[in-house]
Amino acid sequence: MKAFEYINARDLKAASQALGSDPGKAKILAGGMDLLTELKEHLIEPERIVNIKGIKGLDVYQVGPRGARLGALITLSRIEADKRLWDQHAALAEAARAVGSPQIRNVGTLGGNLCQRPRCWYYRDEQIRCIKKGGSKCFAADEQANNKYNAILGAGPSWIVHPSDCATALVALGAKIRYFDAQGKTREVLAEEFFVLPKVRVNAENILQPNEILTEVILPAPRRGTRSTYLKFRERESFDWALSAVAVSAQVTDDGTIQEIRVVLGGVAPAPWRSLEAEKVLQGQKYSPQRASQAAEAALEQAAPLSQNAYKVPLTKVLIRRAVEKVVTGKATPV
Ligand SMILES: Cc1cc2nc3c(=O)[nH]c(=O)nc-3n(C[C@H](O)[C@H](O)[C@H](O)COP(=O)(O)OP(=O)(O)OC[C@H]3O[C@@H](n4cnc5c(N)ncnc54)[C@H](O)[C@@H]3O)c2cc1C
């Protein structure tokens, strides 16, 4: 590992100044579960590491009937352990529990989970200078490539999938993300605007500039009759990223009509993928297995699989059907 300067930032302003505006020169350290791997594997070689764990306010934690405020430094195990989050924002609690192993969740933070870098084999190979590391092409898109884990929706010029379980859940829950910007102001955006596709920004997965810091996540109070879920399918039962995942949040009236619904896919696109097509099929309708199937078909209509990942199409359809059924009827077919 290349030697670096280590800074314990005392507040957001000092952290932002220490980070500077030059991409690659300095990096934020939270729990370190992803950052240390990137350093040890020589994927990044910053001159400076800025530890944000001592910054007051980044550990804010409020959960109540009017919604929730979760600071960037809140660990995933704390989210997973809070019964109130399971009752009000189940998709996030389920997503947090689906991350890695208990050890990773004890150390890994919400901010780090949302800002972690992709797991694509080509990105993670220090010998390969792919398009996300300043190169000119995405090797995953080649016919002979190992692309079984890559994207089938919204891809190009990079085919990574967004690695964060919590990101998918937060978009379904209509969450907002607050961050400290380069001018020292606190800004707030919808989670779905925070994450960006490679056609917008190829070398980052969100809108943050090098000297900007994610500070907290805001969850709106769920409306009456709203339920949510996060279903994840992975290759190994223990610590593994999603091959495909679906987060659904729906408000259902007393007579069973789906009033509002959000269907968001994970593990299949370079950013959490909100399927307006699936939502359109379900909105204003009563649940039936046929309608859920139609929604699943609509969600995957634009899928463009690579040579080894066509399996993600039927897999994701099954997850959509099960997630919609679970949220609307309360019944859960095991994944
Ligand atoms: C074996 C293993 C399995 C894993 N499995 C999963 C999984 O199944 N699902 C999943 O979602 N993740 C998984 N992860 C990824 C990830 O490490 C964890 O999700 C964890 O939450 C990361 O949090 P951290 O605090 O350790 O982040 P760090 O490693 O400290 O940071 C991660 C990245 O985010 C940046 N960052 C951190 N905090 C902020 C902030 N507040 N503002 C701006 N940038 C910030 C850092 O600079 C770094 O680039 C896994 C990791 C490992 C090692």
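In this predicted model, V252 stands opposite I258 of strand β11. The two residues belong to a longer antiparallel pairing, in which β10 (residues 244-252) and β11 (residues 258-266) are joined over eight bridges. These strands are part of an open, four-stranded sheet with the order β9-β10-β11-β12 and antiparallel pairing. Which strands stand at the edges? They are β9 (226-233) and β12 (273-274); each has a single partner strand, so one side of each is left without a neighbour in the sheet.

Two helices can be placed against this sheet. Helix α8 packs on it and touches β9, β10 and β11, with a direction that makes about 160° with that of β11. Helix α12, which spans residues 312-329, lies across β9, β10 and β11 and runs at about 155° to β9.

Parallel pairing is found as well, and here strand β3 (residues 48-51) is the shared element. With β1 (residues 5-8), β3 pairs in the parallel sense over four bridges, and N8 stands opposite N51. With β2 (residues 26-29), β3 again pairs in the parallel sense over four bridges; in this pairing, I49 is the bridge partner of K27.

Turning to the interior, the largest nonpolar core holds 43 residues, and those with the most contacts inside it are L70, L114, F195 and L219. Which helix gives the most to this core? It is α8 (residues 165-172), with six residues. Apart from this core lies another, of 28 residues, including L153, A296, I320 and V328. As general background, nonpolar side chains in soluble globular proteins tend to be buried together.

A closer look at L114 shows what surrounds one of the best-connected core residues. Leaving out residues up to four places away in sequence, L114 touches H162, S164, C166, A167, L170, I177, F195, N206, L214 and V217. F195, in turn, is itself among the residues with the most contacts inside the core.

L92, located in helix α5 (residues 90-97), gives a second view of the interior. Is L92 buried or exposed? With a relative accessible area of 0%, L92 is buried, since the limit for that class is under 20%. Beyond four places in sequence, L92 touches L70, I79, C166, A169, L170, L173 and L219. C166 and L170 are thus contacts of L92 and also of L114. By contrast, V50 is 42 residues from L92 in sequence and 28 Å from it in space, C-alpha to C-alpha.

R105 is an arginine that is also buried, because its relative accessible area is 9%, below the 20% limit. R105 sits in helix α6 (residues 102-107). Setting aside neighbours within four places in sequence, R105 is in contact with T75, L76, S77, E80, A96, R97, V99 and G100.

The ligand is surrounded by 31 residues, the closest being I28, G32, T109, N113 and D165. Which atoms of N113 and the ligand lie 2.7 Å apart? On the protein side it is a polar side-chain atom of N113, and on the ligand side an oxygen atom. Backbone atoms take part too: a polar backbone atom of G31 is 2.8 Å from a ligand oxygen atom, while a backbone N or O atom of L214 lies 2.9 Å from a ligand nitrogen atom. L214 also links this site to the core, as a residue touched by L114.

Terms used. Residues are numbered from 1 along each chain as its sequence is written. This is a predicted model: local features need pLDDT of at least 70, side-chain atom pairs count only at pLDDT 80 or more; totals for chains, interfaces and linings use all residues. Side-chain values use heavy atoms; hydrogens and water are left out. Buried means under 20% relative accessible area, exposed over 50%, partly exposed in between (1.4 Å probe, protein chains only). Contact means heavy atoms within 4.5 Å. A nonpolar core is a set of buried Ala, Val, Leu, Ile, Met, Phe, Trp, Tyr and Cys residues joined through side-chain atoms within 4.5 Å. Two strands pair if DSSP finds at least two bridges between them. Axes are lines fitted to C-alpha atoms, for helices over the stretch in contact, and angles run from 0 to 180 degrees between N-to-C directions. A residue is near a molecule or strand if one of its heavy atoms lies within 4 Å of it. A polar contact is a pair of N or O atoms within 3.5 Å; within protein, one must be able to donate a hydrogen and the other to accept it, and residues adjacent in sequence count only if both atoms are side-chain atoms.
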